[in-house]
Amino acid sequence: MSVWSVVVLAAGWLGGWLLAGRRRDLATDAGGPPDGTRRVSVVVPARDEALRLPQLLACLRSASPGPDEIVVVDDGSTDATASLARAAGARVVSVDAPAGWTGKAWACWCGARAATGEVLVFLDADTEPGPGAIAALARDATERSAIVSVQPWHRVERAYERLSAWCNVVAVTGAGTGDARARRWWRRPVVFGPAVAVARETYFAIGGHAAVRGEVAEDLALARRAETHGVPVVALTGGRSLRFRMYPEGPAGLVEGWSKNLLAGAGSLAPARLAVAVAWITGALAASTFVTGGAPSLVAGRATAGSLAALVAYLAYAAQAFVLMRRVGRFGAGTAVFFVVPLVAFVVFFARAALLVVARRPVSWRGRVVPAGRS
């Protein structure tokens with residue numbers, strides 16, 4: 001193993017820990033907003049979510065304290081989304097996005113205008129909040145006078161879903177958690193789209209989703225909008241209090257979903273953080289070559305100093321992957337040991353997104369055609 005290889009591997013591994021930083025999870029408790037009197041409205045943009053919506057609504061019914069209002073915005077669904085929401089006691093608003101708007105931005109905007117709460121909590125239909133999650137989101141948004149968002153902990157059920165492991169890790173470590181105002185050269189404000197809480201007056205003061213109406217990555221655009229208006233942006237991870245299951249419909253949905261968002265996410269990073277992220281991914285890819293290089297030699301009983309060094313590097317990255325994957329989801333030790341598989345998937349998804357942007361080709365998402373990687 002050359003000196004340069006050692007430098008690349010070491011720099012990348014250390015860079016991964018630097019990006020990970022201190023873990024900041026949503027802190028749940030039994031209390032509500034500070035004064036206990038502010039009404040909380042949950043707004044759920046939903047398009048063909050009949051399979052996922054009942055789980056979310058059940059979680060909201062068992063919340064303690066629960067929201068004062070649940071508004072499900074039926075965004076042109078062709079399944080039983082609306083009827084299931086009504087049967088569960090939610091208020092349903094039916095919409096269809098006009099020209100110039102993405103479906104989710106329009107649904108969130110219409111839901112916010114229809115809601116009566118003083119605190120708005122936007123939840124994707126696939127989220128699964130624990131009993132104290134809604135109260136914690138509302139409390140944080142009001143106490144910090146900020147937009148508070150959460151990247152949920154990824155619940156995995158089927159083997160192909162493990163391909164999202166590295167994508168999830170990069171999404172969280174690349175963006176970072178906490179309040180980014182103190183070190184903008186290192187971390188820019190980011191909003192995680194699945195769960196967002198904001199005071200009603202703050203939301204409309206910055207223009208809400210109407211100000212980011214044409215953005216596919218409306219969450220990232222909303223963070224930039226908040227920053228220009230001096231509104232703090234706080235990003236957290238869900239820990240065990242807020243979960244979701246990504247792309248349960250099958251591998252095709254997983255590929256399209258990540259292709260839609262990865263490039264936009266990379267474009268939102270501060271240059272210094274992006275450079276460290278590139279070094280980290282490069283180091284992980286270099287370590288993964290052990291599978292085709294050093295491993296065969298060791299299995300054949302022809303161990304060399306180089307193959308042993310490659311083994312140490314691979315195990316170091318596998319251990320790092322195990323720790324970081326546990327922060328973002330239930331991917332299991334096996335996914336970390338064979339981290340090369342979700343790592344290659346991440347590279348493929350990112351490359352696909354880049355090619356789609358260069359070729360100006362859109363992706364299909366929930367029955368709509370959207371541009372890839374736009375933010």
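Two strands are taken as paired if DSSP finds at least two bridges between them, and the views below, which show a predicted model, start from such a pair.

**View 1. Pairing of strands β4 and β9.** Strand β4, which spans residues 119–123, runs antiparallel to strand β9, residues 195–199, and the two are joined over 5 bridges. Within this pair, Val121 has Ala197 of β9 as its bridge partner.

**View 2. The open sheet and its edges.** The sheet is open and contains 8 strands with mixed pairing, in the order β3-β2-β1-β4-β9-β6-β10-β8. Because β3 (91–95) and β8 (178–179) each have a single partner strand, they stand at the edges, and one side of each is left without a neighbour in the sheet.

**View 3. Helix α4 packed on the sheet.** Helix α4, formed by residues 103–114, packs on the sheet and touches β1 (40–46), β2 (69–75), β3 and β4. The direction of helix α4 makes an angle of about 145° with that of β2.

**View 4. Helix α8 and the residue that takes a positive phi after it.** In helix α8, which covers residues 218–228, the buried residues are Glu218, Asp219, Leu220, Ala221, Leu222, Ala223 and Ala226. Just after α8, Gly230 adopts a positive phi of about 75°.

**View 5. Surroundings of Ser288 in helix α10.** Ser288 belongs to helix α10, residues 271–288. With a relative accessible area of 9%, Ser288 is buried, since the cut-off for a buried residue is under 20%. When its neighbours within four places in sequence are left aside, Ser288 is in contact with Tyr314, Phe339 and Val340.

How values were computed:
Residues are numbered from 1 along each chain as its sequence is written. This is a predicted model: local features need pLDDT of at least 70, side-chain atom pairs count only at pLDDT 80 or more; totals for chains, interfaces and linings use all residues. Side-chain values use heavy atoms; hydrogens and water are left out. Helices (H or I, at least four residues) and strands (E, at least two) are DSSP runs, numbered from the N terminus. Contact means heavy atoms within 4.5 Å. Axes are lines fitted to C-alpha atoms, for helices over the stretch in contact, and angles run from 0 to 180 degrees between N-to-C directions. Buried means under 20% relative accessible area, exposed over 50%, partly exposed in between (1.4 Å probe, protein chains only).
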